[in-house]
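The following exercises ask for strand order, helix packing and core composition to be worked out from a model. Each task is followed by a stepwise solution.

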Amino acid sequence: MKKYVIHGGRPLYGKVEISGAKNAAVGIIPAALLVEGPCRIENIPEISDVDLLLDILKELGGKVRVVNRTTVEVDCSAVRCQSVPYDKGRKLRASYYLLGAMLGRFGAAEVPLPGGCDFGSRPIDQHLKGFAALGANVEVKNGYMCATTEHGRLKGNQIYLDVASVGATMNLMLAAVLAQGTTIIENTAKEPHIVDLANFLNSMGADITGAGTDVIKIRGVEKLRGGEYSIIPDQIEAGTYMAAAGGEVRVCNIIPKHMECITAKLVEMGAEVDEEGDALIVRRHGPLQRTNIKTMFYPGFPTDMHPQIAAVLCLARGTSVITEGVWDNRYRYTEEFRRLGAKIQVDGKIAIIEGVERLTGAPMEACDLRAGAAMIIAGLAAQGTSEISNVKHIERGYEDIIGKLSGIGADIRVVEVPDPEQKRTSAAG
Ligand code: EPU
């Protein structure tokens with residue numbers, strides 16, 4: 001087991017390269033199941049969620065060739081298996097995209113109920129309602145979502161989503177590209193990764209219009225053929241480094257337009273942010289000012305930047321209010337922040353953060369991916385030493401976070417620690 005040890009209190013200076021977007025990659029890799037022929041996918045982030053999905057494709061009978069660190073070639077032409085291995089599929093949220101893709105390709109699929117970060121209730125009723133509208137019958141049996149169709153192929157239909165869900169929008173696009181006839185999905189999510197998945201599928205021969213707006217039209221095609229595609233940069237990874245930047249940091253290989261909701265907030269708080277081509281330069285001169293934040297669907301302030309910005313607000317001047325507008329319970333990180341001396345009160349979906357002069361290092365436990373990233377930001381800003389355990393959550397979604405932060409002057413390192421579970425087992429044995 002690993003933990004991160006941070007000696008905090010130094011501002012960060014330098015340049016950091018942003019990797020491909022996790023939440024696009026975890027939709028695009030399952031989308032390769034719909035394609036006949038090899039897909040070359042570039043700018044893939046090196047993170048454990050991606051490794052797991054590629055392993056699942058291999059177990060299903062797909063060919064996966066690693067071309068270089070950020071490029072893979074996937075060929076799922078020979079896949080016949082319609083059942084995702086339980087132990088792997090249940091480990092990540094995005095395994096539900098395998099259901100949409102396999103249902104689109106085979107008209108039947110069995111996928112374990114998904115895992116992922118725990119933010120309270122994470123329903124998938126909109127995915128299931130959409131699959132049913134396309135003619136699938138889905139039931140849960142022995143921990144699996146089992147989907148079938150009467151004639152082996154889905155049929156286009158009109159679907160209105162009750163919530164603009166990212167997952168449901170992407171899953172229904174995956175299911176509908178090879179369906180018979182036209183599908184219209186209304187009240188869709190508009191996140192950059194929705195557009196990226198549509199662009200990937202269109203580059204392989206799909207006919208999708210409207211991605212990035214709230215109505216997406218998908219005319220079903222007979223087949224998708226192989227091709228090449230490069231994944232967009234990760235908006236949230238970039239935002240995380242922008243939030244961590246205590247001195248002057250150039251965040252490179254990004255799409256500045258995707259960052260506007262985050263840039264605007266940092267500027268409002270007193271940071272300087274300049275755009276230069278595909279980079280943003282973030283400068284801070286002393287403490288930032290308080291602000292209020294409400295997380296929203298894109299193009300609002302992303303829920304996946306909530307804990308990271310909370311870490312910054314702990315040291316801002318004045319009292320800030322965060323309202324979580326997407327998830328029921330995203331506040332488990334606050335208990336860990338209090339160990340550093342942060343003053344945070346949580347009431348339902350609202351957190352009130354009273355900025356303090358200084359934080360002091362302490363042990364923290366990462367409870368989910370973005371909370372873990374926020375603990376790193378808090379630890380870097382705190383005086384003294386912090387230790388973060390349970391870092392597997394962080395490594396699910398941030399490529400080489402230790403290398404990237406060390407490259408901009410952070411004092412952060414990985415330490416191997418004995419796994420308490422294993423210790424118990426060997427003592428018992
Ligand atoms: N919702 C429903 N019914 C559904 C689906 C969603 O009521 O069928 C509700 C949820 O309860 C939530 C809201 O709709 O209140 C939004 O959920 P959404 O479906 O958009 O979330 P998701 O697809 O499960 C993705 C990201 C999350 C990110 C959210 C919101 C992936 C794999 N996950 O989750 O990312 O927080 O969108 O932007 O793409 C992360 O990267 O750290 C992460 C958790």
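**Exercise 1.** Determine the strand order of the four-stranded open sheet and identify its edge strands.

*Solution.* In this predicted model, the strands of the open sheet follow the order E4-E5-E3-E13, and their pairing is mixed. Next, consider which strands pair on one side only: these are E4 (63–68) and E13 (224–230), the edge strands. One of the pairings is that of E3 (residues 35–42) with E5 (residues 71–75), which is antiparallel and extends over four bridges. Within this pairing, Arg40 has Glu73 of E5 as its bridge partner. Finally, the average turn between neighbouring strands of the sheet, with direction ignored, is 10°.

**Exercise 2.** Establish the sense in which E14 pairs with E2 and with E16, and name a residue pair for each.

*Solution.* Begin with E2 (residues 13–17): its pairing with E14 (residues 248–252) is parallel and comprises five bridges. Here Glu248 of E14 lies opposite Tyr13. Then turn to E16 (residues 279–283), which runs antiparallel to E14 and is joined to E14 by four bridges. In this second pairing, Arg250 is bridged to Ile281 of E16.

**Exercise 3.** Classify the relative orientation of H6 and H7, and describe the residues that form their contact.

*Solution.* Two packed helices are characterised by the distance between their axes and the angle between them. For H6 (residues 166–176) and H7 (residues 192–203), the axes come within 10 Å and cross at roughly 10°. Angles under 35 degrees count as roughly parallel; H6 and H7 are therefore roughly parallel to each other. On the H6 side, the contact is made by Val166, Thr169, Met170, Met173 and Leu174, and H7 supplies His193, Ile194, Leu197, Ala198 and Leu201. Sorted by class, the contact of H6 with H7 contains eight nonpolar and two polar residues, and no charged ones.

**Exercise 4.** Describe the largest nonpolar core, and list the contacts of Leu224 beyond its neighbours within four places in sequence.

*Solution.* The largest nonpolar core consists of 76 residues, and Leu201 and Leu224 have the most contacts inside it. The greatest contribution to this core is made by H4 (residues 96–106), with eight residues. Once the neighbours within four places in sequence are set aside, Leu224 contacts Leu34, Val35, Glu36, Val177, Leu178, Leu201, Met204, Gly205 and Ala206. A second core, separate from the largest, has 70 residues, among them Tyr4, Val391, Tyr398 and Ile401.

Notes
Residues numbered from 1 in each chain as written. Predicted model: local features only at pLDDT ≥ 70, side-chain atom pairs only at ≥ 80, totals over all residues. Heavy atoms only, no water. Axes fitted to C-alpha atoms, helices over the stretch in contact; angles between N-to-C directions. Helix = DSSP H or I, 4+ residues; strand = E, 2+ residues; numbered from the N terminus. Parallel < 35°, antiparallel > 145°, perpendicular 65-115°, else oblique. Contact = heavy atoms within 4.5 Å. Nonpolar A, V, L, I, M, F, W, Y, C, P; charged D, E, K, R; others polar. Pairing = 2+ DSSP bridges. Core = buried A, V, L, I, M, F, W, Y, C linked by side-chain atoms within 4.5 Å. Buried < 20%, exposed > 50% of the residue type's maximum accessible area, 1.4 Å probe, protein only.
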